[in-house]
Amino acid sequence: MPSELSLVVHLLVVITIYGILSIALNLIMGVTGLFNIGHAAFYGIGAYTSALLAKAGVPWFFAMLAGVFLAGFIAFVIGIPTLRLVGDYLAVVTMGLGEIARAVFKNWISLTRGPMGLPGIPHASLLGFKFDTAEKFLLLSVISLLLVYIIAERLLHSPFGRVLKGIREDETAVQALGKNTYRFKMWALIIGSGMAGLAGSLFAHYITFIDPSSFVMWLTFFIFLIIMLGGPGNNLGAIVATVVFVSLREGLRFISLPEWLNPAALQQLLFGVLLIITTIFMPRGFIPERKVTYRRHQGHAEN
Amino acid sequence: MLRIEELTKDFGGLRAVNRCSFEMPEGMIFGLIGPNGSGKTTVFNLITGFLPPTTGRVFFKDQEITSLPSYVIAQRGIARTFQLVRVFHRMTVMENLLMAPKHQAGENLLLGMLRVPRVRRQEQEAIERAMELLAVMGLEDLADEYCGNLSFAEQKMVEMTRALMTDPDLILLDEPASGINPSLVNQILDYIRKLRDEQGKTFLVVEHDMRVIMNLCDRIAVLNYGEKIAEGTPDEVSNAPEVIDAYLGV
């Protein structure tokens with residue numbers, strides 16, 4: 001049946017978009033250890049920027065780039081005061097940003113149409129090819145996810161990524177080794193937020209309608225859950241956990257529940273319980289961070 | 001090599017370090033001793049930029065480094081260890097060491113991601129240097145072990161090896177012998193002397209174990225309540241009446 005097939009395609013598109021969000025937050029939180037609660041805001045900034053520019057006639061690719069850069073730039077502005085401080089200031093400020101962004105999407109009605117949302121966002125197109133069906137769009141979003149995954153992996157396994165892991169483990173010790181940790185944290189936050197902006201643009205031009213309800217803090221917590229369960233610091237774990245949880249979330253909609261059971265409440269309850277169980281029994285997640293070994297490069301075969 | 005002038009540090013109403021001055025030439029092993037809470041670790045933090053002094057100045061290689069950011073001071077050639085060891089737990093011993101070399105091309109975002117030949121060459125050199133140092137320390141079998149799985153003594157050794165990997169001119173050691181068994185301590189002391197004799201490295205050592213400090217140091221300063229009460233050779237210091245007073249509390 002075609003309708004079932006299109007459901008699967010839709011699910012896969014959502015998974016790729018959430019996969020990008022997960023890899024992005026993994027870089028910021030799982031690898032670098034920065035507690036960023038405003039991830040959904042950067043996703044929203046990317047979505048609205050890209051959607052508004054495209055509606056004004058800018059080609060999708062450039063509208064998307066603008067969304068990515070604006071998300072990255074706002075991350076930079078947020079980072080200036082917070083990343084110099086130690087502790088949880090970033091968490092507080094990004095939580096504030098999340099709420100401010102939502103308030104702006106909702107109340108700047110002349111620009112965003114507020115709660116009524118933005119309809120009629122043009123489909124994504126590249127070099128004259130229009131991604132105007134779910135199947136075609138899946139191609140675009142899979143390529144995007146792959147690109148983001150490759151960038152995140154190259155970064156993680158470079159000396160740059162090693163410093164990011166060190167900052168998560170003990171920032172003071174990294175400074176004692178002569179590294180300007182502020183610069184490293186700033187790049188992690190900018191790159192991760194830019195990737196969230198890309199996910200936002202993909203979402204906007206896939207659904208072709210956005211409203212503020214898509215960019216709420218619950219989304220950040222959902223992605224946070226995915227990273228914790230997938231294995232903080234492991235990009236493959238982030239993708240696997242995205243597949244599991246997005247499927248679970250979408251799947252729950254099709255299970256007929258007794259009337260007294262609210263599906264949204266059941267979903268949140270289920271995820272909460274899962275988070276507690278994994279934290280206790282699998283604190284490193286489904287696929288723990290990969291251990292980097294060197295001896296085999298040295299030719300010390302262990303026999 | 002290192003000169004501190006009239007260094008003072010107040011924490012609120014408490015004066016942790018009071019007009020402390022001393023100077024150490026290149027190639028010296030200088031000891032800093034004193035009862036608990038006498039301000040030894042605070043002096044370390046003032047020198048390495050982890051705390052700004054209230055007044056006073058710090059000079060390194062005849063250049064003022066007072067209040068520079070700690071990472072800049074580290075880049076100038078001062079390495080340190082911490083009293084309570086700071087190693088990266090969820091990273092292997094080798095990763096800990098590879099983070100240390102200064103000016104790594106791969107720490108540039110683009111060069112690192114593209115793994116240009118210069119990055120790979122530097123990485124290979126760092127691995128070889130790390131294996132050499134690990135062999136000297138007797139830790140080569142632990143290269144691929146997570147630091148969090150090591151004993152306290154092993155973590156201390158890794159931390160000291162990591163400090164050496166930065167190729168420093170001056171090394172500040174905060175209680176290098178505490179928690180390490182005596183035969184290993186002797187091995188470490190021999191190695192410190194060897195680094196001084198063969199490579200001209202300079203050391204500033206805080207230590208509680210008197211046997212270690214008297215045995216190792218060329219010169220010693222004694223702190224009490226943040227003030228320097230004596231300075232001299234181990235013999236001079238151990239016979240100074242002020243020092244005996246401070247330690248015995250008479």
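**View 1. The two domains of chain B sit with their centres 26 Å apart.** That distance is taken over C-alpha atoms in this predicted model. Domain 1 of chain B is pieced together from residues 25–39, 66–87 and 153–248, while domain 2 takes up residues 91–149. Where the two meet, 12 residues of domain 1 are in contact with 15 residues of domain 2. On the domain 1 side, the top contributor is helix H6 (residues 152–165) of chain B, with 8 residues. Sorted by class, that same side of domain 1 has 6 nonpolar, 4 polar and 2 charged residues.

**View 2. Here is helix H6 of chain B, a mostly covered helix.** H6(B) has 14 residues and stretches 20 Å from its first C-alpha to its last, close to the 20 Å expected at 1.5 Å a residue. Of those 14 residues, 12 are buried. Among them are the charged-looking names you might pick out in the sequence, including Glu154(B), Lys156(B), Glu159(B) and Arg162(B), along with Met157(B), Val158(B) and Leu164(B). What do the buried residues of H6(B) pack against? Their partners, again in chain B, are strand S6 (78–80), H3, H5 and strand S7 (170–174). Just past the helix comes Asp167(B), and its phi is positive, near 55°.

**View 3. Strand S9 of chain B has a partner strand in S3 and another in S10.** S9(B) covers residues 219–224, and because 5 of its 6 residues are buried, the strand is largely enclosed by the rest of the structure. Strand S3 (residues 29–33) of chain B runs parallel to S9(B), joined to it by 4 bridges. Look for Gly31(B) standing opposite Ile220(B) in this pair. With strand S10 (residues 227–232) of chain B the pairing is antiparallel, over 5 bridges, and there Leu223(B) stands opposite Lys228(B). S9(B) and S10(B) make a hairpin with 2 residues between the strands, and Tyr225(B) in that hairpin takes a positive phi near 45°.

**View 4. Another hairpin of chain B is made by strands S1 and S2.** S1(B) spans residues 2–11 and S2(B) spans residues 14–24; they run antiparallel and are joined by 7 bridges. One spot to find is Asp10(B), which stands opposite Arg15(B) in S2(B). Only a short link of 2 residues lies between the strands, and Gly12(B) in the turn has a positive phi of about 60°.

**View 5. Chain B meets chain A through 32 residues of its own and 28 of chain A.** Several helices of chain B share the job: H2 (70–76), H3 (93–98), H4 (109–114) and H5 (117–137) each supply at least two residues to the side that touches chain A. That side of chain B breaks down into 14 nonpolar, 9 polar and 9 charged residues.

**View 6. Phe35 of chain A lies in a loop between two helices.** The helices on either side are H1 (2–31) and H2 (39–55) of chain A. Is Phe35(A) buried, exposed or partly exposed? With 15 other C-beta atoms within 10 Å, Phe35(A) counts as partly exposed. Beyond its neighbours within four places in sequence, Phe35(A) is in contact with Met29(A), Asp88(A), Leu90(A) and Ala91(A). Thr94(A) is 59 residues away along the chain, yet its C-alpha atom is separated from that of Phe35(A) by 8.5 Å.

Conventions. Residues numbered from 1 in each chain as written. Chains lettered and ligands numbered in written order. Predicted model: local features only at pLDDT ≥ 70, side-chain atom pairs only at ≥ 80, totals over all residues. Domains from an automatic or database assignment. Contact = placed C-beta atoms within 7 Å. Nonpolar A, V, L, I, M, F, W, Y, C, P; charged D, E, K, R; others polar. Pairing = 2+ DSSP bridges. Buried ≥ 20, exposed ≤ 12 C-beta atoms within 10 Å, placed from the backbone. Expected span 1.5 Å × (residues − 1).
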